[in-house]
Amino acid sequence: MAGGKGTRLWPLSRASAPKQFIRFVGDRTLFQATLSRVADPALYEAAVVITNEEFRFLV
């Protein structure tokens, strides 16, 4: 999900709403779905998310 300008997903994905934070299918964003896949503490350590300052409140 990294990189690119999101032109193939326009108008949903744009600079102010990157594809990671859009609900394409279901009630969760792609970012939320990714975090839920690695949420089992028996298998994974806590997720570390590095993001742009612009998206810190979305993350």
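**Close-up views of a predicted model**

**View 1. The largest pocket and its lining.** The largest pocket has a volume of about 220 Å³. This value, like the others in these legends, is computed from a predicted model. Rolling a probe the size of a water molecule over the atoms shows where empty space is left. Thirteen residues, 13 in number, line the largest pocket, and those nearest its centre are Gln20, Phe21, Phe31, Ile50 and Thr51. By residue type, the lining of the largest pocket comprises 10 nonpolar and three polar residues, with no charged residue among them.

**View 2. The protein as a whole.** The protein contains one helix and zero strands. That helix, H1, covers residues 30–37. The protein has 59 residues, of which 19% count as buried. About 5,100 Å² of the protein is exposed, and carbon and sulfur atoms supply 57% of this area. Among the contacts in the protein with a separation of 6 or more, 21% are between residues 24 or more positions apart.

**View 3. The aromatic pair of Phe21 and Phe31.** A pair of aromatic rings is described by the distance of the centres and the angle of the planes. Searching the whole structure yields two aromatic pairs. In the pair of Phe21 and Phe31, the ring centres are 5.6 Å apart and the planes stand at 65 degrees; the pair is therefore edge-to-face, because an angle over 60 degrees counts as such. This pair links distant parts of the chain, since Phe21 belongs to the segment before helix H1 and Phe31 to helix H1, 10 residues apart. Are these two residues buried or exposed? Both Phe21 and Phe31 are buried.

**View 4. The aromatic pair of Phe21 and Phe55.** Phe21 also forms an aromatic pair with Phe55, with 5.8 Å from centre to centre and 45 degrees between the planes, and this pair is tilted. Here too distant parts of the chain are linked: Phe21 lies in the segment before H1 and Phe55 in the segment after H1, 34 residues apart. Phe21 has a relative accessibility of 19% and therefore counts as buried, because the cut-off for a buried residue is under 20%. Phe55, at 13% relative accessibility, counts as buried as well. Phe21, Phe31 and Phe55 together form one aromatic cluster.

**View 5. The surroundings of Thr29.** Thr29 is placed in the segment before H1. Its relative accessible area is 7%, so Thr29 is buried. Which residues does Thr29 touch, not counting residues up to four places away in sequence? They are Gln20, Phe21, Ile22 and Arg23. Two of these, Gln20 and Phe21, also appear among the residues nearest the centre of the largest pocket.

**View 6. Thr34 in the helix.** Thr34 is located in helix H1. With a relative accessible area of 36%, Thr34 is partly exposed, because this class lies between the limits of 20% and 50%. Thr34 and Gln20 are separated by 14 residues in sequence, and their C-alpha atoms are 9.3 Å apart in space.

Terms used
Residues are numbered from 1 along each chain as its sequence is written. This is a predicted model: local features need pLDDT of at least 70, side-chain atom pairs count only at pLDDT 80 or more; totals for chains, interfaces and linings use all residues. Side-chain values use heavy atoms; hydrogens and water are left out. On a 1 Å grid over the protein atoms alone, a cavity is a set of points where a 1.4 Å probe fits but cannot get out, and a pocket is an open set with protein on both sides within 12 Å along at least five of seven lines; lining residues have an atom within 4 Å of a point. Grid points are joined across faces, edges and corners, and a volume is the space filled by probe spheres set on the points. Ala, Val, Leu, Ile, Met, Phe, Trp, Tyr, Cys and Pro count as nonpolar, Asp, Glu, Lys and Arg as charged, and the others, Gly among them, as polar. Helices (H or I, at least four residues) and strands (E, at least two) are DSSP runs, numbered from the N terminus. Buried means under 20% relative accessible area, exposed over 50%, partly exposed in between (1.4 Å probe, protein chains only). Contact means heavy atoms within 4.5 Å. Accessible areas come from the Shrake-Rupley method with a 1.4 Å probe; for residues, only the protein chains shown count as cover. Rings of Phe, Tyr and Trp (its six-membered ring) pair if their centres lie within 6.5 Å; planes under 30 degrees apart count as stacked, over 60 as edge-to-face and the rest as tilted.
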